[in-house]
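Visitor: Please pick one part of this structure and look at it closely. Then work outward from there to the rest.

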Amino acid sequence: MTPSRTAFAAILGKDLRAELRTLQSLPAMALFAVTTFVIFRFALDRTSLSGSLAAGVLWATLLFAAVLGINRLFVAEREEGGFDAIRLAPIDRSVLFAAKATALLVYLLALELVTVPVFAFFFLDSAAGLLPLLAVLILADLGLAATGTLISSMAVNSRARDLLVPLVLLPLVVPLMIAASGATEPILSLGGPAYDRFGTWLMVLGLYDLIFGLVGWAVFDFLLED
Amino acid sequence: MYGKGLRPLSIATVAMLALSLSLVFFYAPLDADQGFIQKIFYLHVPLAIVALVGFIIGGVFAIAHLRTNNRKWDAYSYVAIHISVIFGVAVLITGAIWAKASWGHWWVWDEPTLVSFLIVFLMYATYYPFRYAIEDPERQARYASVFAITAGAFVPLNFMAVRMAQSLVHPRTFGTANGGLPGEMMLVFLCSLAAIALLWTTLVKFELTAKSASGQVKRLRRALDAPAPGASSRIAPEVS
């Protein structure tokens with residue numbers, strides 16, 4: 001049996017290398033997000049955003065951009081027979097979940113590295129809120145990575161593939177989005193960042209990450225059988 | 001074999017429903033504040049509690065399915081979720097009627113319990129297209145169980161998040177445990193809760209019996225080499 005750490009590094013390395021060479025998900029996600037900001041500028045008819053509006057625009061855009069990446073997460077495994085290879089390999093199957101979730105986490109962080117500064121440049125009056133925003137982004141990305149990997153692995157083996165991810169994932173991440181926008185709203189408010197209930201929301205995000213990380217880890221085995 | 005005990009259970013359900021409804025209309029005191037319309041509380045709240053518990057039970061059956069790999073548990077999980085979704089429609093409708101009567105609007109966004117219930121309902125509404133999208137019946141059963149477990153963990157978390165998102169504390173008709181409810185109302189409420197829980201159990205048992213009977217008929221037809229009349233449902237699991 002290959003040690004889990006080696007298997008994890010191999011799968012994660014394979015994913016990141018493939019993405020770097022083909023660039024099939026990340027540029028599309030970033031481009032989608034930036035265009036969505038432009039659409040929000042005209043749909044809301046605002047040139048600057050703050051508070052709950054800023055939080056709403058940011059999280060709605062990031063979520064839908066993430067769905068694009070989540071849709072494509074297991075496409076290579078399916079089309080090139082990666083699932084069979086994983087099943088044949090002498091490794092713990094949960095390692096695939098951990099490696100894929102980590103790859104998705106890296107994609108999401110890379111996406112935000114590009115789009116959040118663009119968002120600040122377009123809409124925000126000051127960049128003071130961006131530092132505390134980092135904590136919210138990381139915690140929300142962890143939750144998205146766990147649920148996204150779980151749903152994506154099921155959707156890719158179904159008939160309705162890219163329909164199933166938005167359908168099932170969106171209601172599932174509603175609590176995550178409530179907590180993320182709740183934490184983002186005060187730190188992007190007009191008079192500089194405030195920390196009204198910030199810690200409580202971070203705790204909710206952490207709890208969500210923990211629960212769905214454990215659920216994903218526990219049930220992923222059953223998705224690879226047959 | 002699923003039909004065993006169905007008749008006494010049905011009779012008990014009808015009797016309990018009749019008892020609880022007569023208690024609601026002739027025994028329970030009128031609410032000082034809301035008057036007659038408050039009586040919908042005895043229907044709305046038990047339906048909601050039973051539906052939510054039914055979702056959790058569906059998750060527990062799903063765990064049993066994954067652990068034992070016995071397809072029977074997938075059918076149990078499917079039927080539990082199915083009946084709870086139907087109860088969920090009733091919860092949303094009675095909730096809207098109650099909101100219109102007591103707050104003047106069909107839908108009230110700052111009532112956390114109603115909003116949480118809507119989100120949970122939307123989550124479970126995707127259970128059907130999800131099952132439908134997976135063709136292989138064995139894989140469908142496994143994936144559906146994973147869905148039921150994930151969604152079961154989602155229910156309490158969602159209630160917590162929505163409750164916290166409310167900036168003002170809303171007055172609650174039914175607080176923690178038995179707070180704020182006078183004894184007579186509490187008695188009637190518990191009767192209604194028992195009646196609705198019995199109704200849920202009876203409906204689940206009926207659907208399982210029907211599925212098992214149609215499965216048996218199909219197998220007998222196959223044994224006789226006779227063609228099955230019409231196509232059977234693709235998403236509902238078969239029961240042996």
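**A close look at one helix**

Guide: Helix 9 of chain A covers residues 174-187, 14 residues in total, and from its first C-alpha to its last it reaches 20 Å, close to the 20 Å expected at 1.5 Å a residue. The expected span is 1.5 Å times one less than the number of residues. A helix here is a DSSP run of H or I with at least four residues, a strand is a run of E with at least two, and both are numbered from the N terminus. Residues are numbered from 1 along each chain as its sequence is written, while chains are lettered from A and ligands numbered from 1 in the order in which they are written. The model is predicted, and local features need pLDDT of at least 70, side-chain atom pairs count only at pLDDT 80 or more, and totals for chains, interfaces and linings use all residues.

Helix 9 of chain A is mostly covered, with 13 of its 14 residues buried. Buried means that 20 or more other C-beta atoms lie within 10 Å of the residue's own; exposed means 12 or fewer, partly exposed is in between, and the C-beta atoms are placed from the backbone.

Just ahead of this helix is Val173(A), in the loop between helix 8 (161-172) and helix 9 of chain A. Val173(A) counts as buried because it has 24 C-beta neighbours inside 10 Å. Leaving out residues up to four places away in sequence, Val173(A) touches Leu63(A), Leu144(A) and Thr147(A). Two residues touch, or are in contact, if their C-beta atoms, placed from the backbone, lie within 7 Å. Leu163(A) is 10 residues from Val173(A) along the chain, and their C-alpha atoms are separated by 16 Å.

Next comes the core. A nonpolar core is a set of buried Ala, Val, Leu, Ile, Met, Phe, Trp, Tyr and Cys residues joined through C-beta atoms within 7 Å. The largest one has 131 residues, and those with the most contacts inside it are Leu176(A), Ala179(A), Ala180(A) and Leu205(A). The element that gives the most to this core is helix 2 (residues 41-68) of chain B, with 14 residues. Ala180(A), again leaving out residues up to four places away in sequence, touches Trp59(A), Val136(A), Ala140(A) and Leu205(A).

Now chain A as a whole. It has 10 helices and zero strands. Buried residues are 44% of its 226 residues. Of the contacts in chain A with a separation of 6 or more, 83% are between residues 24 or more positions apart. The C-alpha atoms fill a box of roughly 55 × 35 × 30 Å along the principal axes. The radius of gyration of chain A is 18 Å, which agrees with the value near 17 Å for a compact globule of 226 residues. That radius is taken over C-alpha atoms, and the globule rule is 2.2 Å times the number of residues to the power 0.38.

One loop residue of chain A has an unusual backbone angle to check: Asp45(A) is not a glycine, yet has a positive phi of about 55 degrees. Asp45(A) lies in the loop between helix 2 and helix 3 (51-72) of chain A, and is exposed because 7 other C-beta atoms lie within 10 Å. In chain B, Asn69(B) is not a glycine either and has a positive phi of about 60 degrees. Asn69(B) is in the loop between helix 2 and helix 3 (71-103) of chain B, and with 14 other C-beta atoms within 10 Å it is partly exposed.

Chain B has seven helices and zero strands. Buried residues make up 36% of its 240 residues.

The contact between the chains takes 26 residues from chain A and 25 from chain B. On the chain B side, the elements that give two or more residues are helix 4 (112-125), helix 5 (127-132) and helix 6 (137-164). Helix 6 of chain B provides the largest share of that side, 14 residues. The residues of that side divide into 18 nonpolar, three polar and four charged. Here Ala, Val, Leu, Ile, Met, Phe, Trp, Tyr, Cys and Pro count as nonpolar, Asp, Glu, Lys and Arg as charged, and the others, Gly among them, as polar.

Last, the confidence. pLDDT is the predictor's confidence in each residue, from 0 to 100. Chain A has a mean pLDDT of 90, and 100% of its residues reach 70 or more. For chain B the mean is 85, and 88% of its residues reach 70 or more. The model scores ipTM 0.87 and pTM 0.87.
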